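The following exercises concern a single chain and the ligands that accompany it. Each task is followed by a solution that proceeds step by step.

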Amino acid sequence: MQALTTRAKVAVNKKMSFKERMYIPAILGGLSITLRHFFKKKVTIQYPEQTREFAPVYRGHHVLKRDENGAERCTACGLCAVACPAEAITMVAAERKKGEEALYREEKYAAVYEINMLRCIFCGLCEEACPKEAIFLTDEMVLTDYARKGFVHGKDKLVEPMDKDKRIDVSKRQTKEVAEFKTHPEFAHNQVYTKSLK
Ligand code: SF4
Ligand code: SF4
């Protein structure tokens, strides 16, 4: 039968020579390789004492962004869930009540928003699909857990802190076009609730 690759080797049941049956040359050969590597620079990273630098395009844990005034940007439109190839996103929409304008940017908001981190493949399509600049993937790693339910991250883990100093910087994740688009306040898409939070 014709071989599928040019690197295939035909296995033969050859009788071992006296030297091969001694195994000592093979053992010495193996030890010399070990010794050579012993004095070479280590390629492993001693995590968690050392951490590897991530690529600028690394996609990690998601963040649900707030706008400049602290209101949640997400309007529970569901586009991220539709775009998600892993069906990892679920949400329950609710209507904003009078007096909640400072909490939610739009009239409809996500009362429940969950991402199953075990399903997520960190493709970033949710980020691309979002018309409200509400969801971004960050360079934070998803922390491990002992139980499956610990990997279903709700708003408590996804929405960024209200404190302006603790907000997640996603400026490097936005394309030039998106950053430029956001400078046009005349688009209804970009209008924000301007009353500052007390
Ligand atoms: S990164 Fe990809 S797989 Fe993960 S939630 Fe977003 S769209 Fe789904
Ligand atoms: S994160 Fe964006 S795409 Fe997803 S529901 Fe909220 S506004 Fe819509």
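**Exercise 1.** Identify the bridge partner of Thr90 in β3, and then describe how β2 and β3 are joined.

Solution. The model is a predicted one. Step one: Thr90 has Glu114 as its bridge partner in β3. Step two: a further residue, Ala93, stands opposite Ala110 in β3. Step three: β2 and β3 (residues 108-116) run antiparallel and are joined by seven bridges.

**Exercise 2.** Establish the strand order of the open sheet and determine which strands stand at its edges.

Solution. Step one: β3 is also joined to β5, by two bridges, and these strands run antiparallel. Within this pairing, Ile115 stands opposite His153 in β5. Step two: the open sheet has three strands, in the order β2-β3-β5, with antiparallel pairing. Step three: β2 and β5 (152-153) each have a single partner strand and stand at the edges, so one side of each lacks a neighbour in the sheet.

**Exercise 3.** Locate Ala86, and decide whether Ala86 is buried, partly exposed or exposed.

Solution. Step one: Ala86 lies in the loop between α3 (79-83) and β2 (89-95). Step two: 15 other C-beta atoms are found within 10 Å of Ala86. Step three: a buried residue needs 20 or more such atoms and an exposed one has 12 or fewer; Ala86 is therefore partly exposed. Step four: leaving aside residues up to four places away in sequence, Ala86 touches Arg119, Cys120 and Ile121. Step five: Val43 is 43 residues from Ala86 along the chain, and their C-alpha atoms are separated by 34 Å.

**Exercise 4.** Compare the expected span of helix α2 with the distance between its end C-alpha atoms, and assess how well α2 is covered.

Solution. Step one: helix α2 (residues 24-38) has 15 residues, which at 1.5 Å a residue should span 21 Å. The expected span uses one less than the number of residues. Step two: the end C-alpha atoms of α2 are 21 Å apart, in agreement with the expected span. Step three: α2 is hardly covered, for the count of buried residues in this helix is zero. Step four: Ile33 belongs to helix α2 and is exposed, with 10 other C-beta atoms within 10 Å. From Ile33 to Phe181, the separation is 148 residues in sequence and 58 Å between C-alpha atoms.

**Exercise 5.** Characterise the overall fold and extent of the chain.

Solution. Step one: the chain contains six helices and five strands, arranged along the sequence as α-α-β-α-β-β-α-β-β-α-α. Step two: its radius of gyration is 27 Å, well over the 16 Å that the globule rule gives for 198 residues, so the chain is more spread out than a compact globule. Step three: the C-alpha trace spans about 90 × 45 × 40 Å along its principal axes. Step four: buried residues account for 16% of the 198 residues. Step five: of the contacts between residues at least 6 apart in sequence, 75% join residues at least 24 apart.

**Exercise 6.** Describe the residues around ligand 1 and ligand 2.

Solution. Step one: ligand 1 has 14 residues around it, of which Cys84, Cys120, Cys123, Leu125 and Cys126 come nearest. Step two: this shell divides into 13 nonpolar residues, one polar and no charged. Step three: ligand 2 is surrounded by 13 residues, the closest being Cys74, Cys77, Cys80, Cys130 and Ile135. Step four: the shell of ligand 2 comprises 10 nonpolar residues, two polar and one charged.

Key
Residues are numbered from 1 along each chain as its sequence is written. Chains are lettered from A and ligands numbered from 1 in the order in which they are written. This is a predicted model: local features need pLDDT of at least 70, side-chain atom pairs count only at pLDDT 80 or more; totals for chains, interfaces and linings use all residues. A residue is near a molecule or strand if its C-beta atom, placed from the backbone, lies within 6 Å of it. Ala, Val, Leu, Ile, Met, Phe, Trp, Tyr, Cys and Pro count as nonpolar, Asp, Glu, Lys and Arg as charged, and the others, Gly among them, as polar. Helices (H or I, at least four residues) and strands (E, at least two) are DSSP runs, numbered from the N terminus. The radius of gyration is taken over C-alpha atoms; the globule rule is 2.2 Å times the number of residues to the power 0.38. Two residues are in contact if their C-beta atoms, placed from the backbone, lie within 7 Å. Two strands pair if DSSP finds at least two bridges between them.
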